[in-house]
Amino acid sequence: MKSPAASHPETAQETTPVRVLVWDERQPEQHVGYGDAFLGETLAKGLRAYPRLQVGDAFYDEAEHGLGEERLNQTDVLVWWSHRRNVELSDEAVARVKQRVLAGKLALIALHSAHSVSYTHLRAHETEAEL
């Protein structure tokens, strides 16, 4: 016998967790405003209060800037907080994010100065055909 949730696609969708990754540069100056935590950790902690969200956090100094293939494959929404290290990101990490966003596999929420990634750094990877 099917459960009531299985017979209603809307209900089944509501129980599927949304996988969120909060990305942060983790600048030492953040401790002034956030105590022992970095901004990304603080954002992730707040988002974890929502039961439907499965929240992780990543940062610049991790391998592949925390934006490796496996991690992005397990992410539905990328919350991107940055201030000044956008230009230091590897082309490969940026390309992985861009490909997923353009393919509709990843939602990108750009916070603070992350607009420079979404508009300048990502645009630097466009070919003439994409323009």
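Where along the chain is Glu 64 found? Glu 64 belongs to the loop that runs between β2 (53-59) and α5 (69-73). We'll come back to that loop, but let's first get our bearings.

**The overall picture**

What you're looking at is a predicted model. The average pLDDT of the protein chain is 79, and 71% of the residues score at least 70. Two stretches deserve some caution. Over residues 1-8 the pLDDT stays under 50, and the model gives this stretch 2 contacts beyond four places in sequence. Residues 127-131 also have a pLDDT below 50, with 5 contacts in the model beyond near neighbours in sequence.

The protein chain has 7 helices and 4 strands. If you walk along the sequence, you meet them in the pattern α-α-β-α-α-β-α-β-α-β-α. Of the 131 residues in the protein chain, 33% are buried. Take the contacts with a separation of 6 or more: 75% of them come from residues 24 or more positions apart.

**The nonpolar cores**

Now for the inside. The largest nonpolar core has 13 residues, and the ones touching the most other members are Trp 23, Leu 67, Leu 78, Trp 80, Leu 89 and Val 97. At least two residues of this core come from each of β1 (18-24), β3 (77-82) and α6. The top contributor is α6, with 3 residues. Another core lies apart from this one; it has 6 residues, including Val 20, Val 22, Val 55 and Val 77.

**Helix α6, up close**

Since α6 gives the most to the largest core, it's worth a longer look. Helix α6 covers residues 91-102, so 12 residues in total, and spans 16 Å from its first C-alpha to its last, close to the 16 Å expected at 1.5 Å a residue. Its buried residues are Ala 93, Val 94, Arg 96, Val 97, Lys 98 and Arg 100.

Which residues does Arg 100 touch, leaving aside its neighbours within four places in sequence? The list is Glu 69, Leu 72, Asn 73, Lys 105 and Leu 106. Arg 100 counts as buried because its relative accessibility is 8%, under the 20% cut-off. Glu 92, also in α6, is another story: Glu 92 counts as exposed, at 52% relative accessibility. Just after the helix, Gly 104 takes a positive phi of about 75°.

**Back to the loop**

Glu 64 isn't alone in the loop between β2 and α5, for His 65 lies there as well. Glu 64 has a phi near 55°, which is a positive value in a residue other than glycine. His 65 has a positive phi too, near 60°, and again the residue isn't a glycine.

Is His 65 buried or exposed? With 13% relative accessibility, His 65 counts as buried, whereas Glu 64 is partly exposed at 46%. His 65 has company from other parts of the sequence: leaving aside its neighbours within four places, it is in contact with Trp 23, Phe 59, Tyr 60, Glu 88, Leu 89, Ser 90 and Ala 93. Trp 23 and Leu 89 also appear among the core members that touch the most others, and Ala 93 is one of the buried residues of α6. A polar atom of the His 65 side chain lies 3.1 Å from the backbone nitrogen of Ser 90.

**Far in sequence, and in space**

Here are two pairs of residues with their C-alpha distances.

| Pair | Apart in sequence | C-alpha to C-alpha |
|---|---|---|
| Glu 92 and His 65 | 27 residues | 9.9 Å |
| Ser 82 and Leu 111 | 29 residues | 7.0 Å |

Ser 82, from the second pair, has its place in strand β3. Ser 82 is buried, with a relative accessible area of 0%.

**One more helix**

Finally, have a look at helix α4 (residues 39-47), where Leu 39, Gly 40 and Ala 44 are buried. Why do these three sit on the same side of α4? They cover an arc of only 135° around the axis, so they end up on the same side of the helix.

Terms used. Residues numbered from 1 in each chain as written. Predicted model: local features only at pLDDT ≥ 70, side-chain atom pairs only at ≥ 80, totals over all residues. Heavy atoms only, no water. Expected span 1.5 Å × (residues − 1). Buried < 20%, exposed > 50% of the residue type's maximum accessible area, 1.4 Å probe, protein only. pLDDT = per-residue confidence, 0-100. Contact = heavy atoms within 4.5 Å. Core = buried A, V, L, I, M, F, W, Y, C linked by side-chain atoms within 4.5 Å. Polar contact = N/O pair within 3.5 Å; in protein donor to acceptor, adjacent residues only side chain to side chain. Arc of directions from axis to C-beta.
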